Amino acid sequence: MLDNLKSLFKSYTGQEADNVVELNSSGSNRRYFRMTGGDGTSIVGVIGLNLKENQAFCGIARHFLDKGIKVPRVLAVSEDGMTYIQEDLGDKVLYNMVSQGRESGEYSSYERAMLRHTMEMLPKLQFKGAEGLDYNICFPEPAFNGRMVMFDLNYFKYCFLKATGLEFDEVRLQDDFEALKEDLLCDNSNTFMYRDFQARNVIFKDGEPYFIDFQGGRRGPIYYDVASFIWQARSRYPEDLKNELVETYLRALKSYVPDIDENVFREKLRLFVLFRTLQVLGAYGFRGYFEKKPHFIASVPFAIDNLRRMMRAPFSRYPYLSEVLTQLTTMQQFYVNAEDRRLHVKIYSFAYKKGIPTDTSGNGGGYVFDCRSVNNPGKYEYYRQFTGMDQEVIKFLEDDGEIITFLDHVYALVDSHVKRFIERKFTNLQVCFGCTGGQHRSVYCAEHLAAHLVSRFDIRVTVVHREQNIEKSF
C-alpha cells in the first residue's frame with residue numbers, strides 16, 4: 001500500500017518522495033503519511049481500509065470544493081481506490097492550538113476567537129454543502145435515520161453501560177430509547193451532517209479553518225454537529241464559552257434560516273447533546289474496554305462529566321434513561337482522573353462570632369471577605385426567616401446594589417488567583433465570606449461566587465454554609 005502512495009506521489013509531482021513520515025491518526029483506522037520531495041513539495045497520503053469510505057471522502061471533498069468550502073483537495077486516487085493523496089494543510093490542528101485553554105480551564109481571547117471562527121463556518125458547510133450533493137455516495141448510510149440512531153444507542157448500551165457493571169432494566173431502557181429516537185428524527189431538513197465535527201478535525205491554514213475527516217457525513221439535522229463540537233468531552237469548555245459558541249453559531253445560521261426560533265433550537269440541541277454523549281461513550285467503551293486503547297479509557301470521565309451536568313435537569317420524557325444515567329454519573333470510578341486533578345475551590349459562609357473556618361486542606365492561605373459593610377437584611381424582622389439562597393433576600397440585596405459592587409471586586413481578585421493556581425497546578429483554594437449571623441449576606445456571596453467560578457473555569461467547587469449546616473458541590 002505504501003508503494004502505491006509513492007507511485008501516486010511520483011505521478012502527480014514528477015519526483016520521488018524523499019521522505020515519508022507516518023502521522024498520528026488518533027482513533028481512525030486509516031493511515032496518514034506526510035510525503036515530501038526534494039524540492040520541498042509536501043503531500044499527505046492516505047491508506048484506507050474500506051473502499052466505500054474512501055469514495056465517500058473523495059466525492060464529498062470534490063463537492064465541497066465546488067461549493068467554496070475549505071477542505072483538502074484530493075490530488076490523485078489509485079486504481080483500486082484504496083489509497084489516495086491529498087493537499088497537505090499543515091500541522092495547525094485546532095485541538096492542539098487551544099491546548100493551553102483545555103489544560104488550564106481558562107481559554108484565552110485568541111483561543112476563543114479561533115473556536116468562534118470555526119463555528120461561524122459550520123452553517124455554510126451544512127447548508128451550502130448539501131446543495132446538489134448526491135447522498136448516495138455517503139458511507140455507511142445516506143441519511144441520519146432510525147436505524148442509525150438505534151445502532152448508536154445500542155453501541156452505548158452494550159459497549160459501555162454493560163461494561164460498567166451497572167444493573168438496569170433493558171425493557172424500560174428500550175422504551176426510552178424509542179422515545180428519544182422519535183424526538184431526534186422529527187427534524188428532516190436537507191442539510192449535511194458532518195457527524196464527527198470536533199477540534200481534532202479542523203486545521204488552520206493562513207488564518208482560516210479547513211475541515212478534514214468528514215467521510216462519515218450524511219444528510220441529517222444541524223444540531224448534531226453543534227453538539228459534537230461544543231460538548232466534545234476532552235475539550236472541557238467552560239459554560240460561558242459553550243454559550244458563546246452557541247450564540248456564534250446562531251448568528252451565522254440566520255444567513256440560512258432568518259426566522260430561527262432560538263428557544264426551540266436550544267431545546268432540540270439539548271437532545272442531541274445527550275444523544276452524542278451516549279454515542280461517544282459507546283465509542284470510548286469499545287475502543288477502551290474492548291480494544292484496550294488507554295487514550296479512550298482516559299477520556300471516559302470527561303464525557304461522564306458532560307452527562308453529570310445534564311442530569312441536573314433530568315429529561316422528563318425519558319424518566320428511566322435519566323434514572324440510569326444519574327446512577328452512572330455517581331459511580332466513583334468516573335470521578336478518578338477527570339476531577340481529582342482539577343483545582344478544588346472551597347467556599348464558606350460563616351458568622352464572625354463563631355470564628356473563621358479552618359482550612360482542612362492543609363495548604364492555608366486563600367481569602368476571607370468581610371460582608372458586614374453591605375446593608376444587612378437581617379436587621380428587619382421579615383427577613384430573619386430566610387437565607388441568602390431565598391428570593392426574598394436576593395431581591396433585597398440586589399435592589400440595594402451594594403453587594404453587586406462588592407462581588408465585582410471579589411470576582412476580580414479570586415479570578416486572578418484561580419488562573420494562577422491552575423497554571424501552577426495547585427489543587428486547593430479556600431474562600432470565606434463572613435457576616436454577622438452567617439445567614440444572609442455571606443450565604444448570598446458564597447452562592448454567587450460559586451456560580452461565577454463554575455461558569456468560567458473547569459474546576460471543582462464546593463460550598464459550605466457553616467451556620468446553616470449545608471454543604472453542596474457545583
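This text describes the overall make-up of the structure, then one helix, one buried arginine and one open sheet.

The model is predicted, and local features are given for pLDDT of at least 70, side-chain atom pairs only at pLDDT 80 or more, while totals for chains, interfaces and linings use all residues. Residues are numbered from 1 along each chain as its sequence is written, and side-chain values use heavy atoms, with hydrogens and water left out.

The protein holds 15 helices and 14 strands; these are DSSP runs numbered from the N terminus, with at least four residues for a helix (H or I) and at least two for a strand (E). Its C-alpha trace spans about 85 × 55 × 45 Å along the principal axes. Of the 474 residues, 54% are buried, where buried means under 20% relative accessible area, exposed over 50%, and partly exposed in between, for a 1.4 Å probe and protein chains only. Among contacts (heavy atoms within 4.5 Å) between residues at least 6 apart in sequence, 72% join residues at least 24 apart.

Helix H7 covers residues 170-184. Its 15 residues should span 21 Å at 1.5 Å a residue, and the end C-alpha atoms are indeed 21 Å apart; the expected span is 1.5 Å times one less than the number of residues. At the N-terminal end, Asp169 caps H7 through a side-chain oxygen that lies 3.0 Å from the backbone nitrogen of Val171. The buried residues of H7 are Leu173, Asp176, Phe177, Ala179, Leu180, Asp183 and Leu184. Seen down the helix axis, these buried residues fall within an arc of 165°, so they line one face of H7; the arc is taken from the directions from the helix axis to the C-beta atoms. An α-helix has 3.6 residues a turn, so residues three or four places apart point the same way. The cover over the buried residues of H7 includes helices H6 (146-164), H10 (262-290) and H12 (319-329). Val171 and Glu182 are exposed on the face turned away from the buried side.

In helix H5 (residues 109-127) the residue to examine is Arg112. Arg112 is buried, with a relative accessible area of 10%. Its side chain makes a polar contact of 2.7 Å with that of Glu244; such a contact is a pair of N or O atoms within 3.5 Å, in which, within protein, one must be able to donate a hydrogen and the other to accept it, and residues adjacent in sequence count only if both atoms are side-chain atoms. Leaving aside residues up to four places away in sequence, Arg112 touches Tyr107, Pro238, Asp240, Leu241 and Glu244.

An open sheet is formed by 5 strands in the order E11-E12-E10-E13-E14, with mixed pairing; two strands pair if DSSP finds at least two bridges between them. Its edge strands, E11 (367-370) and E14 (470-473), each pair on one side only. E11 and E12 (residues 428-435) pair in the parallel sense over 4 bridges, and Phe369 has Phe433 in E12 as its bridge partner. E10 and E13 also run parallel, joined by 6 bridges, and His344 is bridged to Arg460 in E13. E13 and E14, by contrast, pair in the antiparallel sense over 4 bridges. In their hairpin, which has 4 residues between the strands, Asn469 takes a positive phi near 55°. Since 5 of the 6 residues of E13 are buried, this strand is largely enclosed by the rest of the structure.
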